[in-house]
Every structure is written in structure tokens, then in C-alpha cells.
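Q: I've got a structure open and I'm not sure how to read it. Can you walk me through a few features?

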Number of protein chains: 2
Amino acid sequence: MSQYRAPLADMQFVMTELAGLDEIAKLPGFADATPDTVAAILEEAGKFATDVLDPLNVVGDREGATRREDGGVTTASGFKDAYEQFCELGWNGLAKSPDFGGQGMPHLVAAAVDEMWNGSNLAFGLCPMLTGGAIEAIELNGSDALKQTYLPKMVAGEWTGTMNLTEPQAGSDLAAVRTKAVPQADGSYKVYGSKIFITYGEHDYTDNIVHLVLARTPDAPPGTKGISLFVVPKFLVNADGSLGARNDVRCVSLEHKLGIHASPTAVLAFGDGGGAIGYLVGEENHGLEYMFVMMNLARFGVGMQGVGVAERAYQRAVAYARERVQGRVVGAPKDAATGIIGHPDVRRMLLTMRASVEAARALGYVTAAALDRAHRHPDAETRKRELAFAELMIPIVKGWSTEMGQEMASLGVQVHGGMGFIEETGAAQYVRDARITTIYEGTTGIQANDLIGRKIGRDQGKALTAAVASMREVTRALDAAGNADLKAIAARLRAGVDALEEAGRFVVSKLQTEPRAVLAGAVPFLELAGIVCGGAQLGRSALVAAKKLAASEGDARFLRAKVATARHFADHCVTHAAGLRDTVVAGSAAVLALADEQF
Amino acid sequence: MSQYRAPLADMQFVMTELAGLDEIAKLPGFADATPDTVAAILEEAGKFATDVLDPLNVVGDREGATRREDGGVTTASGFKDAYEQFCELGWNGLAKSPDFGGQGMPHLVAAAVDEMWNGSNLAFGLCPMLTGGAIEAIELNGSDALKQTYLPKMVAGEWTGTMNLTEPQAGSDLAAVRTKAVPQADGSYKVYGSKIFITYGEHDYTDNIVHLVLARTPDAPPGTKGISLFVVPKFLVNADGSLGARNDVRCVSLEHKLGIHASPTAVLAFGDGGGAIGYLVGEENHGLEYMFVMMNLARFGVGMQGVGVAERAYQRAVAYARERVQGRVVGAPKDAATGIIGHPDVRRMLLTMRASVEAARALGYVTAAALDRAHRHPDAETRKRELAFAELMIPIVKGWSTEMGQEMASLGVQVHGGMGFIEETGAAQYVRDARITTIYEGTTGIQANDLIGRKIGRDQGKALTAAVASMREVTRALDAAGNADLKAIAARLRAGVDALEEAGRFVVSKLQTEPRAVLAGAVPFLELAGIVCGGAQLGRSALVAAKKLAASEGDARFLRAKVATARHFADHCVTHAAGLRDTVVAGSAAVLALADEQF
């Protein structure tokens with residue numbers, strides 16, 4: 001049996017050595033984020049993940065969530081209790097504003113803690129993630145009245161939040177949203193329409209659910225510029241904060257999904273009984289803009305799902321590989337009963353999993369720290385630079401880490417051999433659960449287009465050039481360290497950074513003149529960026545580890561493993577960079593050659 | 001809705017232009033395999049796949065197979081009827097020996113037809129595949145009495161066959177088999193033991209099931225040299241061929257699996273009621289040898305599962321991408337309602353799927369043709385050469401095509417976006433079904449070890465060198481053709497062949513002295529070999545297509561698409577070759593550096 005254990009040692013290493021936790025704690029508002037407090041938070045979160053969420057993961061998969069006759073939804077056994085404990089312990093408000101009852105911890109700390117919820121129970125973790133998105137939308141753009149009415153309850157977790165974007169004809173293309181919102185005399189709106197794929201759109205964890213809904217007012221211009229954002233609560237809220245009448249929004253059905261069964265995915269009907277009462281967030285016609293601001297965080301959060309599920313798959317695979325004895329290990333004494341972990345190919349798979357998780361974790365946490373600096377740093381120039389870096393990285397964190405998560409979940413099954421295909425083993429659930437992460441909050445293709453079209457296109461590659469320059473510094477330092485492993489990493493990384501720079505130049509130079517040729521290579525470009533940026537973070541890890549080892553500081557066994565994962569990632573993943581560059585730069589001919597009918 | 005359509009045009013193209021169907025038809029015993037007959041066979045098989053098997057695929061997934069109280073198994077609705085039709089139409093005996101009622105068609109024809117069963121209904125196709133393996137084991141090594149008793153019924157499909165290898169402690173490691181076989185006075189044996197993961201180990205399609213069982217006789221030496229092979233029928237067979245007493249083998253349970261739900265995976269108990277009567281195949285202690293001969297074909301068959309399921313995933317993805325309208329296509333007129341097939345990234349995904357399927361199909365069929373020549377060619381030298389080529393290719397066909405099949409099934413989900421994650425859409429089933437193909441009949445790691453340790457190690461790379469030489473001819477011909485696409489393919493392929501050759505030299509030179517370093521790169525080597533050998537087959541396709549286009553022969557639309565898929569595969573897949581070589585040649589340091597406890 002494998003039990004989720006939060007990888008505290010690596011989390012601490014990345015936060016402290018790569019993401020600059022000490023510096024973050026000195027930013028205004030983060031005085032509580034001292035190393036000791038953060039260590040205590042991580043430890044307690046790890047316990048909750050191990051003791052409460054991990055055992056429920058398989059229960060949720062088997063039971064799923066069920067829609068009752070009355071339109072309510074019954075979640076899987078134990079989930080409501082777990083949610084209540086989660087809120088009582090204050091986890092829901094960890095990184096939320098103290099103005100509304102939150103603890104105001106940095107994004108960096110939240111990233112690590114969220115990774116634990118995702119690693120132990122992806123379907124559970126979605127609920128607070130979605131609530132967090134809804135909180136942010138109201139906090140950034142809502143009126144004081146909306147904030148006072150909703151935020152304290154949502155930060156405490158007493159009410160959850162949802163994001164209602166998708167309609168049958170409007171998935172990635174929000175310009176096609178048709179849900180209507182008609183202004184009423186009292187300043188509220190009546191909302192009519194149907195939304196699909198609404199995560200935790202209905203459930204039994206809490207008394208109320210706060211839906212954030214994209215809709216069009218009657219005179220709105222067509223397309224994306226005519227979309228407004230509304231708060232539509234399941235129950236209206238009285239002036240004293242108590243719950244009032246049931247609002248006209250109903251769960252019509254739940255989807256039958258490949259994975260994350262414990263997370264109810266609802267079809268919601270708004271206004272079938274006369275109109276759902278909604279309250280405008282911010283101004284009319286600015287809804288999409290508000291969504292985009294919020295989406296950065298949601299996308300980052302999904303990236304951490306990729307990391308979490310891959311870590312969990314790795315832990316289960318290692319546990320199995322230690323226990324399972326099968327075949328003589330080449331090079332081992334005859335008749336030695338060694339687990340399959342001794343076989344070179346099994347070690348290769350395990351190390352690829354571990355190195356990939358560590359790379360994506362490092363990239364994710366460093367990005368979270370950049371968000372913290374972007375929001376809190378006293379120097380405006382620094383805030384701007386950090387924001388540009390974070391915005392450049394977010395589509396990579398989302399797109400690459402989730403693709404990685406899927407591959408690693410599948411590799412975890414492979415380590416188990418035939419047992420991996422048996423549902424009771426538990427490894428297959430991660431494959432099924434992870435499969436949504438490259439799709440929701442924008443597919444990998446959408447992330448790649450965002451990376452190329454917005455993040456690189458809008459500043460002509462300036463932020464990318466800055467990232468490349470800092471990776472070149474890492475390469476030089478690795479080369480100068482005079483250690484064989486570090487030198488080998490440096491050589492791979494240099495080739496990788498070269499490839500990324502060349503591909504980036506191609507993107508910048510051709511995006512306007514040959515957009516289709518550039519977009520045909522968007523996903524390979526994102527993959528290239530993920531491998532190189534992740535590899536560079538592991539290069540930094542190796543530098544820190546080698547330095548500490550030379551100084552006989554820290555846990556030598558852990559630090560040697562950090563060098564090994566960096567080396568492995570360089571030799572098995574960064575090696576793909578040049579090939580990906582070739583695909584980006586010269587791979588569009590056939591993509592664009594075929595007529596639609598020839599497929 | 002998407003309906004499976006056998007890709008007859010590409011199947012015919014590959015068989016005729018790449019695999020040499022005309023030549024195969026001239027080999028002794030294959031006189032019936034004329035182009036017209038083969039075309040008629042493919043067309044009829046395609047109809048059966050579309051009309052009967054494809055509609056049942058989702059039924060089988062939802063209902064699965066159920067073990068009854070009495071130990072029997074009820075298969076999903078419609079499967080028994082479909083199986084009966086399948087046998088009545090003669091499909092079960094298509095490539096079986098006419099001596100026992102088969103039609104004696106070449107492996108090449110069977111490969112294409114099997115691809116259709118796999119593409120339309122993987123779980124169904126497993127049953128005849130397993131029967132085929134059992135037939136071969138008896139035909140090659142059984143006594144005349146065994147052959148006469150069992151083969152006519154099995155060739156007709158009246159009785160099915162199973163392969164009983166795995167035990168809880170003996171998965172990939174058959175040396176650990178413990179099932180016992182005790183000789184009886186009448187020449188039969190009594191078999192005692194437990195076997196797991198027995199595909200179609202119990203079902204209701206037929207009156208009898210013929211289990212082929214690996215077991216040890218009392219005095220057998222330990223390890224792989226003490227394993228014998230037995231026929232253990234579910235019902236004993238009377239002298240007149242009628243069914244006699246129920247034998248002492250029982251289905252104890254069925255597994256609850258990620259996919260292929262319609263295929264019952266049984267735990268079988270032999271001898272709990274006094275001993276299951278078994279009949280020795282061939283000689284004692286040669287069981288593993290017999291299994292290995294047979295395994296080549298079974299592995300080839302699983303490779304065709306990879307091709308079939310990827311083709312099906314492609315077809316469904318294309319159908320969805322044509323219908324689904326979402327977002328404005330860059331470069332298309334404003335307000336044009338084009339399907340998402342117009343988006344460059346969607347086209348990239350579809351073309352990657354199609355090119356990969358075509359590459360794996362070509363490699364598979366060419367290998368099947370080599371098996372036909374190896375068995376039937378009048379010239380001994382040719383037989384030897386073709387056998388060496390086929391044996392070299394089989395682990396690649398199995399390992400690479402199934403890894404490809406999984407990736408493409410997942411890419412098929414990605415094309416569907418959120419709808420792909422909903423089970424009713426149908427795309428997710430292919431991901432679940434395909435997940436077993438890289439595991440059973442030997443994991444990808446086992447295939448890679450076979451490729452390196454046996455196929456390359458035993459002849460010091462001679463067969464590989466011959467394959468490389470023939471790929472260099474393809475490269476030269478592409479270069480000489482004076483067509484921009486062909487030249488571009490030539491450049492990629494040349495780099496790929498160089499990489500394969502260098503990696504092969506490393507393998508040959510270090511296998512004895514540094515086996516663990518070589519084995520750490522075994523799977524990357526297999527992937528490299530698959531990409532390059534598959535790319536070379538597509539290079540051949542492009543040559544043929546370009547020649548026909550220049551001569552205004554054939555269907556120009558189809559032939560242009562063949563050039564495009566070859567170009568795409570070169571630009572998006574063969575580009576990975578050099579990176580994989582680097583991993584093979586210099587990627588073992590970290591794999592071997594960590595102690596087991598450091599994982």
C-alpha cells in the first residue's frame with residue numbers, strides 16, 4: 001500500500017533555495033511568512049493530506065457524486081466531513097486577504113500547500129481552487145457591498161464559488177457566450193441561459209454556492225466585448241447575511257467523466273423559473289477582462305495539479321517497485337531477491353518521473369514567488385519585471401506541467417506492469433484524473449497560443465530574452481563549478497537554451513507575417529520552453545546542492561539526489577530541445593498543406 | 001457520430017507498394033492471395049468491422065463481462081452473436097493452415113484484417129488473437145493426436161484458446177512459474193496451480209475453451225529450463241470429438257480493469273477438485289521455447305492493436321474537428337464558420353495522429369510480409385535474411401506501435417477538448433483500452449531488452465546494419481528525386497539513420513562490458529528505432545506517391561496526402577532522433593547513480 005506523503009524536503013528546498021522564501025517574507029504584508037511558520041504550515045498541511053484526503057481519493061473515484069431527484073447533489077462518503085475539517089483548520093483562507101478573514105500567506109506558500117491537496121485528492125482540491133478564483137474575481141472588481149456580503153463567507157469556506165463560462169457552443173471561444181442578463185429596476189439583473197462543465201456547480205458541502213457567470217446584457221456589442229460578469233448565488237442573501245430565497249438556478253444533470261469522479265461537473269440552468277437574480281461585478285461589458293486577470297491564477301493552479309498528481313503517481317510507483325520482486329537484476333548476485341527497482345529500465349522510469357516532477361515544481365514555485373513580488377515588491381520596476389516573468393511562465397506552468405503530469409501518471413502505471421491496469425491497484429486513477437488537466441482552464445493549445453501570441457508577441461520577445469539571459473547565467477555557473485555532473489548538465493542546458501532562443505526568434509520574426517506557420521508549432525514551442533525552463537531550475541538546484549555538499553552542509557543523501565535528478569533531466573529531457581526547435585522553425589509545411597477534406 | 005471505416009486505401013497502398021503483396025502471392029501456398037481476392041477480403045472485413053464490431057465497442061465498455069455464481073462468465077450483449085457470425089464468415093481461420101480447415105492467407109493479409117478488428121473493437125479482437133496463439137503452439141509442437149483433436153475446432157472458432165503464463169509471483173519472470181503437472185499412468189498429466197490475467201479465460205462464446213498452460217513436472221530443473229507446456233481443455237474431449245466431462249479448471253474471479261472491459265480477464269484455478277487433466281505439448285522442459293516461438297506472432301498482433309486503436313482515435317477526432325465550430329480560424333474570412341479542423345494546432349494534432357498511424361501500419365505490414373517470406377520463400381538465404389529482419393522488427397512493432405497508440409488515443413481526447421473527458425463521447429475509451437497494450441505480451445521495457453539483448457546482441461548488430469543500409473538507400477532516392485518535400489524528408493531521415501546507427505554501435509560495443517548502462521537506454525533506443533524505421537517506411541511511401549503523381553497515375557488527392565504525412569512525420573517525429581541517441585549513448589549516469597533508498 002502506498003500512502004501520500006508531502007515531499008516536504010524538496011518543497012522546502014525549492015522554496016528556500018530557488019524561490020527566495022526569505023526575501024518574500026520581507027515583502028510588505030508577508031511578515032508572518034517566516035521560515036518557521038511556513039515549515040509548520042507545510043507540515044500540518046502534509047498531515048491533513050496524508051490522513052484525511054489521501055484515503056478518500058479512491059472512495060471518491062468509486063462512488064463519484066450523484067444527482068438526486070430534487071436536483072441536489074450527494075458527494076462521495078466522507079467528502080463533506082473532510083471539507084468541513086478543511087475549513088475549520090483554516091486551509092481555505094490560507095492565501096486570502098486578511099481583510100476578509102484570510103491569513104494572507106504568499107502565493108509561494110499556497111502553491112506548495114495546493115500541490116498537497118492535488119497530490120492527495122485532485123477531485124477534492126478543485127473545490128477550494130474554484131472558490132479561490134471566484135473570491136479573486138469579486139475582490140478585484142466587485143463593489144464593496146458584494147465584497148462584504150460574499151467574501152467573508154467564501155474565505156472561510158462556508159460558501160463555495162464556481163466559474164460559469166462554458167456553454168455548449170462556447171468552450172474555448174467565449175465570444176460565443178449567449179447567456180442573457182436583463183437589468184432590473186432595483187439594480188440587479190435577471191439571468192437566463194444554460195452553462196455546462198461547471199465544476200462543483202452543485203454539491204452538499206455547504207449551504208450556499210456563489211456562481212460567477214458570464215452573460216450578455218440586452219444592448220451588449222457582439223463578441224468578447226459584450227460580456228459581463230455576474231454573481232448569481234444559489235440562495236439569495238438577506239441584509240443580515242442570513243440565507244434567503246432559493247435562486248432560479250438548477251443543476252440539470254451531472255457529467256459521467258473519465259476521472260475526477262468525486263468532483264461534480266454540472267449542467268446549470270439559469271432562469272427557467274422566471275429569471276435567476278444576479279449582481280453585476282464591476283462594469284458591464286468588462287467581464288472577459290476580469291476573467292482573464294483571474295485566469296492567470298486558475299491556470300497556475302491547474303499547473304500545480306499536474307505537479308501534484310505526478311508526485312503521487314511517482315510515490316505509488318516507487319512503493320511498488322521496492323516491493324515487487326521479478327527477475328534477476330543484471331549485475332546483482334545470483335538468487336538475490338531485489339525489487340524491480342533494481343532493473344535499469346524501472347529506475348529510468350522512476351527517475352524520469354521524479355526529475356520531471358521536481359523540474360515542474362521548481363518552475364511553479366519560482367513563478368508563484370514572482371507573482372508575490374509582482375504584487376508586493378516596493379520597487380515598481382521590479383514589480384513590472386516580475387509580472388512579465390510570471391505572465392510568461394504561467395502558460396508554460398499550466399501547459400507543460402499538466403502534459404508532464406499525464407505522461408508521468410501513465411509511466412506510473414507502466415512501472416506496475418499488469419497490476420497497473422487493474423483499478424484496485426490505484427495507479428490507473430491518476431491517469432484518468434490527470435487527463436482533464438491539459439484541457440480545462442484552457443487546453444495546451446490555448447496555453448501555447450497565449451504564450452506565443454500574447455506573452456511573446458506583445459513585447460516582441462523581451463520577457464523571453466530576459467529569461468534566456470538568466471538561464472545563460474545558470475549555464476555559465478554550472479560550467480564553472482568544475483564538477484563532472486554539473487559540466488554535463490551545463491552542456492545539455494546550453495544546447496537547450498540555444499534552441500529556445502532560436503525558436504523564440506523565429507516566433508517573434510514570423511508571428512505577424514506567417515501566423516499560421518508559427519501557430520502550427522505553438523505546442524512544440526511550449527514543450528521546448530517547459531523542458532528548458534524546467535531544466536534550468538534543476539540546474540540551479542544542482543548548483544545549490546553541489547555547493548552545500550562541498551561545504552558539508554545539509555543532508556548529503558538528499559543533495560546528491562538533487563544533482564542526480566538534474567543530471568537525469570538534462571540527459572533524458574533537455575536532449576529533446578534541438579529536435580523541438582527544428583519542428584517549431586520548419587515543421588509547418590505539411591500541417592498547412594492538406595485541405596480539410598484530405599484528413 | 002463517428003463510425004469506424006477500415007482505411008482501405010492506405011492498407012492497399014502499403015500492402016501493394018511497400019510490402020510487396022504481388023510477390024507474396026507468388027510464394028508457395030499463397031496462390032489464392034491474388035490482388036482481387038485480397039481486395040475482396042479487405043472490403044468484406046471492413047464491412048464486418050463497421051457494421052458489427054464497431055457498434056458493440058461501447059456496449060462492451062459499459063456492460064463488461066460478468067462472472068456468474070456458477071463460475072461461468074456472461075459477456076456483454078451482442079458479443080456472443082458477433083463471435084458466431086465472425087466464425088461463420090470464416091474470419092477465424094483466415095491465415096490458418098488449410099490442413100485444419102483454414103484459408104491459408106499470408107500474414108500480410110491477416111495483419112490488415114486484424115488491424116480492423118482491433119480498430120473497431122479491441123476487446124473483441126483479443127479472443128481470436130489468443131486462439132491464434134494457442135493454435136500455433138499446438139500446430140508447431142503438438143502430437144498428431146493433439147492436432148487432430150483440437151485444431152479443426154479451434155481453426156473454425158468453435159473452441160477458443162488461451163495462454164496461461166502469469167502467476168501472482170511470475171509475471172515478466174516466467175522462471176518463477178510454480179504450477180505443477182504430475183504425470184499419470186495413461187500418459188496425461190494432472191495440473192495444479194493458479195494462473196492470473198488470463199484473457200478470455202472464461203466466457204460464453206463457445207462450448208469449450210482450450211487452455212495452454214505453463215507448468216513444472218515434479219523432477220523439472222529450476223528456472224526457465226524446467227517449464228513444460230500443456231493443453232488443458234475446459235471440457236475433456238471424447239474419442240469421437242464430442243465433449244466429455246468438465247475438467248478441473250475454474251474461473252475464480254474476473255479483474256476490474258481500466259479498459260477492454262468486454263474482454264474477461266480471469267483468475268483460473270487448476271486442480272482444486274483433484275487435478276485438471278492436461279496433455280503435454282512436445283517434450284517436457286521445452287515449454288518456454290515453444291512459447292517464445294509463438295510469442296513473436298502474439299507480440300506482432302499487439303503491435304497491430306496499437307495501430308488499430310490509433311486509427312480509430314484518429315477517425316473520431318477528425319469527425320469531431322470537422323463538426324465542431326469554435327473560434328475564428330486565423331487566416332480565414334471573418335465570420336466564416338469553419339470547424340476547429342481549420343486551427344493550425346488542431347491540424348497539427350490530427351496530422352501527427354495520421355502520420356504516426358501510417359508509419360506504424362507500414363512498419364507492421366512490411367514486417368508481416370517478411371514473416372511470410374521467412375516461412376515460404378524457396379531460397380534459404382532469403383528466408384534467413386527475412387527472418388532476421390522480422391525478428392529485429394517485432395519488438396519495435398510491438399513496443400513502439402503500442403506506445404504510439406496510447407499517445408494518439410490521448411491526443412484524440414485532446415482534439416475533443418472538454419467533450420473528450422466525457423465518457424459518452426467515446427474518445428476516452430480508446431485511452432483506457434490502449435493502456436494495456438504496452439504491458440501485456442511483454443512490457444515496452446521487455447521489448448526493448450529483447451531488441452537489444454537478443455535481436456542485436458546475438459548477431460552483433462548484423463541485422464540492424466542491414467536495415468540501416470536499406471534505409472540509406474531510401475534516403476538517397478529521396479534526395480535524388482528533386483522534389484522539395486522529398487528533399488526535406490531525406491535530410492531528416494539521414495539525421496535519423498545516423499542517430500540510429502550511432503546508438504546501435506554503442507549498444508553493440510558496450511552490451512557485454514557495461515550492460516546496465518546499455519539497458520538504462522533500452523527504451524529510448526527502441527523509441528529511436530521506431531521513429532527512424534517508421535519514418536523510412538513513410539519515406540518509401542512518399543517516393544512511390546511522388547512517382548505516381550509525376551506519371552499522373554492513381555488518386556492524386558490520396559497520393560499528395562501520403563507525401564504530406566511523410567513530411568509531417570519527418571518534421572515532427574524523426575526530429576527527435578538525435579536527442580534520443582544522446583540519451584541512449586550518454587544518459588545512464590544518473591539512472592545508475594542513486595541508491596535504491598534514495599528514490
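Q: Let's start with helix 17 of chain B: how many of its residues are buried?

A: Keep in mind that this is a predicted model. A residue counts as buried if 20 or more other C-beta atoms lie within 10 Å of its own. By that count, 13 of the 17 residues of helix 17 of chain B are buried, so the helix is mostly covered. As for length, helix 17 of chain B reaches 24 Å from its first C-alpha to its last, close to the 24 Å expected at 1.5 Å a residue.

Q: What comes before helix 17 in chain B, and where does B:Ser552 sit?

A: There's a loop between helix 16 (522-550) and helix 17 (556-572) of chain B, and B:Ser552 is in that loop. Take a look at its backbone: phi of B:Ser552 is near 55°, a positive value in a residue other than glycine.

Q: Is B:Ser552 buried or exposed?

A: Count neighbours again: 12 or fewer means exposed. B:Ser552 has 7 other C-beta atoms within 10 Å, so it's exposed.

Q: What about A:Glu441: where is it, and is it buried or exposed?

A: A:Glu441 lies in the loop between helix 11 (427-434) and helix 12 (444-456) of chain A. A:Glu441 isn't a glycine either, and it has a positive phi of about 55°. Here the count is 25 other C-beta atoms within 10 Å, so A:Glu441 is buried.

Q: Which residues have the most contacts inside the largest nonpolar core?

A: A nonpolar core is a set of buried nonpolar residues joined through C-beta atoms within 7 Å. The largest one here has 419 residues, and A:Phe230, A:Tyr365, B:Phe230 and B:Tyr365 have the most contacts inside it. Try clicking on A:Phe230: leaving out residues up to four places away in sequence, the residues it touches include A:Tyr189, A:Val213, A:Leu280 and A:Val281.

Q: How many residues of chain A are in contact with chain B?

A: 73 residues of chain A are in contact with 73 residues of chain B. On chain A's side, those residues divide into 32 nonpolar, 25 polar and 16 charged.

Q: What turn lays chain A on chain B?

A: Here's the idea: two copies of a chain are related by a rotation about an axis and a shift along it. In this model, a turn of 180° with a shift of 0.0 Å along the axis lays chain A on chain B, with an RMSD of 0.0 Å. That's the relation of a two-fold axis. The same surface serves both copies, as 100% of the contact residues of chain A recur in chain B.

Q: Which residue of chain A comes closest to the rotation axis?

A: That's A:His576, with its C-alpha at 3.1 Å from the axis.

Definitions and conventions. Residues numbered from 1 in each chain as written. Chains lettered and ligands numbered in written order. Predicted model: local features only at pLDDT ≥ 70, side-chain atom pairs only at ≥ 80, totals over all residues. Contact = placed C-beta atoms within 7 Å. Nonpolar A, V, L, I, M, F, W, Y, C, P; charged D, E, K, R; others polar. Helix = DSSP H or I, 4+ residues; strand = E, 2+ residues; numbered from the N terminus. Least-squares fit on C-alpha atoms with pLDDT ≥ 70 in both. Expected span 1.5 Å × (residues − 1).
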